[in-house]
There are 2 protein chains.
Amino acid sequence: MSSKIKPIKSVSLVEQVEQRILEFLKENRFKSGDSLPGEIELAENLGVSRNIVRESLSRLRMLGVVESKKRKGMFIAEPDILSGIERIMDPDLLGEEAMQHIFELRLVLEVGMSELLFIRKKDSDVNSLQEIVDREANDPLCKTELQTRLAYEIEFHSYLYKMSGNGTLNRFQSMLLPVFHYMMQQESKSAAEPVRGTVSHNDLVETLRNGTAYEFREHMRNHLTPHFSKLS
Amino acid sequence: MSSKIKPIKSVSLVEQVEQRILEFLKENRFKSGDSLPGEIELAENLGVSRNIVRESLSRLRMLGVVESKKRKGMFIAEPDILSGIERIMDPDLLGEEAMQHIFELRLVLEVGMSELLFIRKKDSDVNSLQEIVDREANDPLCKTELQTRLAYEIEFHSYLYKMSGNGTLNRFQSMLLPVFHYMMQQESKSAAEPVRGTVSHNDLVETLRNGTAYEFREHMRNHLTPHFSKLS
DNA sequence: TATTTAAAATATGTCCTACATATAAAATTA
DNA sequence: TAATTTTATATGTAGGACATATTTTAAATA
């Protein structure tokens with residue numbers, strides 16, 4: 001009858017303390033480098049044991065919000081947005097739905113990235129890309145070995161992220177690699193033949209060299225067609 | 001002379017244990033719902049105190065990798081990719097560089113998202129968007145109040161993420177909101193006049209209704225021109 | 001016997017105390 | 001004064017104790 005009775009919020013003390021500390025930091029405009037109250041002081045003021053405070057701080061340390069040195073105490077650091085994600089980005093840990101979301105995210109990023117690439121590309125970058133493509137073209141294993149093709153595929157696209165000049169974006173993509181790898185192997189298993197887009201890596205480099213951001217965007221979209229066509 | 005002497009890796013026990021447990025879970029192919037060894041057993045097998053194990057598990061709990069119930073013990077859950085990010089996505093905590101990266105990320109996402117939108121858009125979605133646009137057009141405050149304009153801007157773009165049909169993407173954007181808000185206020189402070197793109201929200205809705213993914217992508221790129229033009 | 005009620009067992013949650021360790025700061029010595 | 005040693009202090013680690021919730025088991029009641 002009352003199947004959706006209110007679940008009393010029994011958040012653990014650790015979680016509460018974690019939130020309180022974060023609030024405390026935000027409200028008081030703590031800046032990178034500022035030093036925090038010690039663990040015992042925090043524990044006393046919060047009315048909990050030092051253990052609880054330590055677990056909370058351990059979480060914040062993991063996120064890069066705080067750092068701590070032996071005698072000096074703790075101080076604020078600039079948190080790393082990706083440090084949390086980094087630990088769990090693994091096909092063995094993530095669920096199917098999350099994997100699908102991430103794979104789609106990759107497609108979105110690579111199509112949308114074009115503008116950044118044209119703002120920040122350097123000639124040396126384009127040459128490096130060309131070198132990758134040439135190496136791929138001359139590698140006899142590419143014809144037979146799926147793993148080899150995958151490796152070149154990943155190397156090429158990874159370099160694009162690096163070229164974006166957005167460090168967060170670049171690191172993010174490197175974390176996604178295991179997921180890409182997994183998903184693309186799944187794809188090549190299910191699909192009988194590896195459908196290839198009409199735009200090759202070589203075409204993309206050429207566009208990057210002499211084309212426009214607009215053209216590159218559409219070429220990339222085309223290059224990724226095999227993946228997009230599997231969405232629903 | 002030897003200014004870059006190798007810093008001996010003195011990772012804390014907690015961090016080591018955290019890694020070991022994660023490895024353990026991956027290698028043994030733990031699936032969602034499987035139960036974990038108890039804290040004391042883990043502590044004994046790892047040769048550390050229960051405190052250390054608890055701090056490590058607390059981190060994993062935060063990431064959603066494990067859940068725990070009072071007498072039942074701990075079991076595997078599907079980790080939430082975003083739970084780590086969620087806590088620190090705040091202009092008061094993040095550094096300038098991270099904020100810039102995130103802002104760029106938003107631009108990349110919205111341009112690249114077009115394909116997903118056209119695969120998953122429903123008529124009701126387009127109508128909802130239209131409703132937002134109409135409300136914006138008829139709101140007299142829009143002319144004078146920056147905050148009001150910002151609110152509509154955010155409401156409109158947020159709805160696009162929801163339409164993408166990618167829950168992770170959608171949640172991600174909702175976390176980015178505070179950062180957007182901050183960055184756009186910064187923009188409107190610095191720039192004397194708020195440069196507007198030639199493509200309006202209304203145009204975007206029209207394209208979504210009768211256009212193609214390709215057109216929408218370019219219109220969105222155009223709509224975001226004021227932001228892109230500030231990049232370097 | 002079947003059903004309800006009460007007790008016991010157990011794994012996590014919280015608290016406490018003690019000690020180890022590293023290091024900044026103070027005191028000592030050359 | 002400068003180099004050295006000592007001391008003080010905040011985090012890091014350990015281990016024990018009890019609280020709490022919930023499953024399982026046993027007991028009691030109809």
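I'll go through the two DNA strands first, and then the helix packing in chain A. Keep in mind that this is a predicted model.

Start with DNA strand D. There are 22 residues around DNA strand D. The ones that come nearest are R50(A), R54(A), R71(A), L13(B) and N51(B). So both chains appear in that short list. What do they touch? Sugar and phosphate make up 61% of the strand D atoms that come within 4 Å of the protein.

Now the elements behind that surface. From chain A, we have α2 (39-46), α3 (50-63), β1 (66-69) and β2 (73-76). From chain B, we have α1 (13-27) and α3 (50-63). Each of these supplies at least two residues of the surface near strand D. By class, that surface splits into six nonpolar, six polar and 10 charged residues.

Next, the bases of strand D. Three side chains of chain B are worth pointing at. Take N51(B): an N or O atom of its side chain is 2.7 Å from a base oxygen of DNA strand D. Then R71(B): here the distance from a side-chain N or O atom to a base oxygen of strand D is 3.4 Å. And R50(B): a polar atom of its side chain lies 3.5 Å from a base nitrogen of strand D.

Over to DNA strand C. Here 21 residues surround the strand. The closest are L13(A), N51(A), R50(B), K70(B) and R71(B). Sugar or phosphate holds 59% of the strand C atoms within 4 Å of the protein, and bases hold the rest.

Which elements supply the surface near strand C? Chain A gives α1 (13-27) and α3, with at least two residues from each. Chain B gives α3, β1 (66-69) and β2 (73-76), again with at least two residues from each. The classes near strand C are five nonpolar, six polar and 10 charged.

Some specific contacts on strand C. On the base side, look at N51(A). A side-chain N or O atom of N51(A) is 2.7 Å from a base nitrogen of DNA strand C. On the phosphate side, look at chain B. A side-chain N or O atom of R54(B) is 3.0 Å from a phosphate oxygen of strand C. E39(B) uses its backbone: a polar backbone atom is 3.1 Å from a phosphate oxygen of strand C.

Now leave the DNA and turn to chain A. Helix α9(A), residues 146-163, is the one to follow. Its first partner here is helix α5(A), residues 96-112. The two axes come within 10 Å and cross at roughly 55 degrees. That angle makes α5(A) oblique to α9(A). The crossing of α5(A) and α9(A) is left-handed. On α5(A), the contact is made by R106(A), L109(A) and E110(A). On α9(A), it is made by E153(A), H157(A) and Y161(A). That contact has two nonpolar, one polar and three charged residues.

The other partner is helix α11(A), residues 201-210. Its axis is 12 Å from that of α9(A), at an angle of about 20 degrees. α9(A) and α11(A) are therefore roughly parallel to each other. This crossing is left-handed. Who meets whom? Y152(A), E153(A), F156(A), H157(A), L160(A) and M163(A) of α9(A) meet H201(A), L204(A), V205(A) and L208(A) of α11(A). By class, that is seven nonpolar, two polar and one charged.

One last pointer. E153(A) and H157(A) are in the contact with α5(A), and E153(A) and H157(A) also meet α11(A).

Note on methods:
Residues are numbered from 1 along each chain as its sequence is written. Chains are lettered from A and ligands numbered from 1 in the order in which they are written. This is a predicted model: local features need pLDDT of at least 70, side-chain atom pairs count only at pLDDT 80 or more; totals for chains, interfaces and linings use all residues. Side-chain values use heavy atoms; hydrogens and water are left out. A residue is near a molecule or strand if one of its heavy atoms lies within 4 Å of it. A polar contact is a pair of N or O atoms within 3.5 Å; within protein, one must be able to donate a hydrogen and the other to accept it, and residues adjacent in sequence count only if both atoms are side-chain atoms. Helices (H or I, at least four residues) and strands (E, at least two) are DSSP runs, numbered from the N terminus. Ala, Val, Leu, Ile, Met, Phe, Trp, Tyr, Cys and Pro count as nonpolar, Asp, Glu, Lys and Arg as charged, and the others, Gly among them, as polar. Axes are lines fitted to C-alpha atoms, for helices over the stretch in contact, and angles run from 0 to 180 degrees between N-to-C directions. Angles under 35 degrees count as roughly parallel, over 145 as roughly antiparallel, 65 to 115 as roughly perpendicular and the rest as oblique. A crossing is left-handed if the near helix is turned anticlockwise from the far one by less than a right angle, and right-handed if clockwise. Contact means heavy atoms within 4.5 Å.
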